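This report describes the architecture of one protein chain for a reader beginning the study of structure. Please keep the sequence and the three-dimensional view at hand while reading.

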Amino acid sequence: MTDTPVAVTASESPLPNETVKKEPIKNEMPKSESSRPAKTGRAVAWFSLLLNIALVGVIAAAVWWLWPQWTTVQQQQLQLQQQQQQQTEQGKLQLQQLTDQVQQQLALVADQQKQQQSLDLQQQQALLQLQLESKKQLSNGRTWQLWQIQQLLQLAGQKIWLEQDMPAALRLLQGAEQQLALLQDSSMQPLRQAIQTDLAELQKNTVPDLAKIQLALTSLRKTVNDLPLRQSERVLDETPVVAIAAEADWQSTLIQHWNSFWSSLVHVRPTQPEDLSVLTAGQQLSLRNTLQQQLLLAELAAMKYQPELYQAALQQAMDTLQRYFAAVDPQVSSASEQLVQLAGLAVAFPAPAALESTAVLDQVMRQSMVESSQ
């Protein structure tokens, strides 16, 4: 509020009282002049009063006019506060609901994770079981194939040491190597290398030409009857009959004279004077049959890959040929040279002591059995 001017009296003058008292009242003014300030003060007082009343009225009018608006504003603020409070409560409620939903979602996610973990564990177990079954099946399949390879190697050994059939043994080993190649298993590489080593070793050895030896000995046996003896043979009337009988049944004749002649001619000795005596027809036939038997024995020994028996039979045939047949005769000399050449041929079968692949296969099969049992 603005200050309203008020009439100031002498007693209320701001000047000090002492100054007023000290002034000598000598020159008093006239009444007309003294009443003017009083009237002026009253006018100012009334004006101030009117101004205050007007101001109060203005304030009252302003209050009367602003009160409804203020009341409205207060109501609006109250409503706004209530709305804010309601919104806050709704927000809290929504937040609580969202929190509950989030917790529910988290619980669902946790359950799903547990279920997923359980499914993953089941899948891992199923995969592990499948791998084990697959491994067993592969192991069983590999065991079966290893068994087939073992059978091939055993047959190859039988062909080598029992039947002396080198080509068949080589074919069996090559079949085993082809079976390993189809497996495409790096763990079978040592076994495959061992089979290749056995193949190279067997192919390096030369198998004797038994057909050539057999033909040569057969040809010599056929010429024995034409070889001249070292003494003058007596011409016997029964010679053609004996020859025919010998050609018809030479096996029985050979068996008949074997026991009787072997005891007397089995020992090799220098030529004696009695060796040059005249032999009877039976002795001549027995002598020729003995030589044929010795050549036949050498032939059988060669076919059986028996070098000791082969060399012994040839030695006996050469001794018989030198003792009882005419050495100066071209046929006898040719027969002797053929016997010497035949004695220089090797008839031993080039069989190794053992197959390296057999020992390696045993190790592989033991390892396969250990893996299949795990």
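Which residues does Ile195 touch, not counting residues up to four places away in sequence? In this predicted model, Ile195 touches Leu153, Leu173, Ala176, Glu177, Leu180 and Ser357.

**Overall organisation**

The protein chain contains 11 helices and zero strands. Along the sequence, the order of elements is therefore written as α-α-α-α-α-α-α-α-α-α-α, since helices are DSSP runs numbered from the N terminus. Of the 374 residues in the protein chain, 24% are buried. Among contacts with a separation of 6 or more, 81% link residues that stand 24 or more positions apart. The accessible surface of the protein chain amounts to about 26,300 Å², and carbon and sulfur atoms account for 57% of that surface.

**The nonpolar cores**

The largest nonpolar core has 27 residues. Within this core, the members that touch the most other members are Leu146, Leu153, Leu173, Leu180, Leu191, Ile195 and Leu361. At least two residues of this core come from each of α2 (31–161), α3 (166–183), α4 (189–204) and α11 (356–373). The greatest contribution is that of α3, which supplies eight residues. A second, separate core has 26 residues, including Leu217, Leu229, Ala313 and Met318.

**Helix α3**

Helix α3 comprises 18 residues. From its first C-alpha to its last, α3 reaches 26 Å, close to the 26 Å expected at 1.5 Å a residue. Which residues of α3 are buried? They are Met166, Ala168, Ala169, Leu170, Leu172, Leu173, Ala176, Glu177, Leu180 and Leu183. A general point helps in reading such a list: an α-helix has 3.6 residues a turn, so residues three or four places apart point the same way. After α3 comes Gln184, whose phi is positive, near 55°.

**Salt bridges**

How many salt bridges does a search of the whole structure find? The search finds four salt bridges, and the table presents some of them.

| Pair | Closest N to O distance |
|---|---|
| Glu163 and Lys159 | 2.7 Å |
| Arg192 and Glu177 | 2.6 Å |
| Glu299 and Arg221 | 3.3 Å |

The side chains of Arg192 and Glu177 meet in one of these salt bridges. Because Arg192 lies in helix α4 and Glu177 in helix α3, the pair ties together parts that are 15 residues apart in sequence. Are these two partners buried or exposed? Arg192 has a relative accessible area of 26%, and is therefore partly exposed. Glu177 has a relative accessible area of 14%, and since buried means under 20%, Glu177 is buried. Glu177 is also one of the residues that Ile195 touches.

The salt bridge between Glu163 and Lys159 has two partly exposed partners: Glu163 is at 40% relative accessibility, and Lys159 has a relative accessible area of 23%.

Glu299 forms a salt bridge with Arg221. Glu299 lies in helix α8 (residues 281–303) and Arg221 in helix α5 (residues 210–223), so this pair ties together parts that are 78 residues apart in sequence. Glu299 counts as buried because its relative accessibility is 7%.

**Helix α8 and the loop after it**

Helix α8, which holds Glu299, has 23 residues. Its reach from first C-alpha to last is 33 Å, close to the 33 Å expected at 1.5 Å a residue. Why is α8 described as largely enclosed by the rest of the structure? The reason is that 17 of the 23 residues of α8 are buried.

Tyr305 follows α8 and lies in the loop between α8 and α9 (307–324). The phi of Tyr305 is near 55°, a positive value in a residue other than glycine. Tyr305 counts as buried, because its relative accessibility is 14%.

**A nonpolar patch on the surface**

Nonpolar side chains also appear at the surface. Trp46, Leu49, Leu50 and Ile53 make a nonpolar surface patch of about 450 Å². Ile53, one of the residues of this patch, lies in helix α2. Helix α2 also supplies at least two residues of the largest nonpolar core.

Definitions and conventions. Residues numbered from 1 in each chain as written. Predicted model: local features only at pLDDT ≥ 70, side-chain atom pairs only at ≥ 80, totals over all residues. Heavy atoms only, no water. Core = buried A, V, L, I, M, F, W, Y, C linked by side-chain atoms within 4.5 Å. Buried < 20%, exposed > 50% of the residue type's maximum accessible area, 1.4 Å probe, protein only. Helix = DSSP H or I, 4+ residues; strand = E, 2+ residues; numbered from the N terminus. Contact = heavy atoms within 4.5 Å. Patch = residues over 30% accessible without salt bridge, like charges linked within 9 Å, V, L, I, M, F, W, Y side chains within 5 Å. Areas by Shrake-Rupley, 256 points an atom, 1.4 Å probe, with all protein chains shown as cover. Expected span 1.5 Å × (residues − 1).
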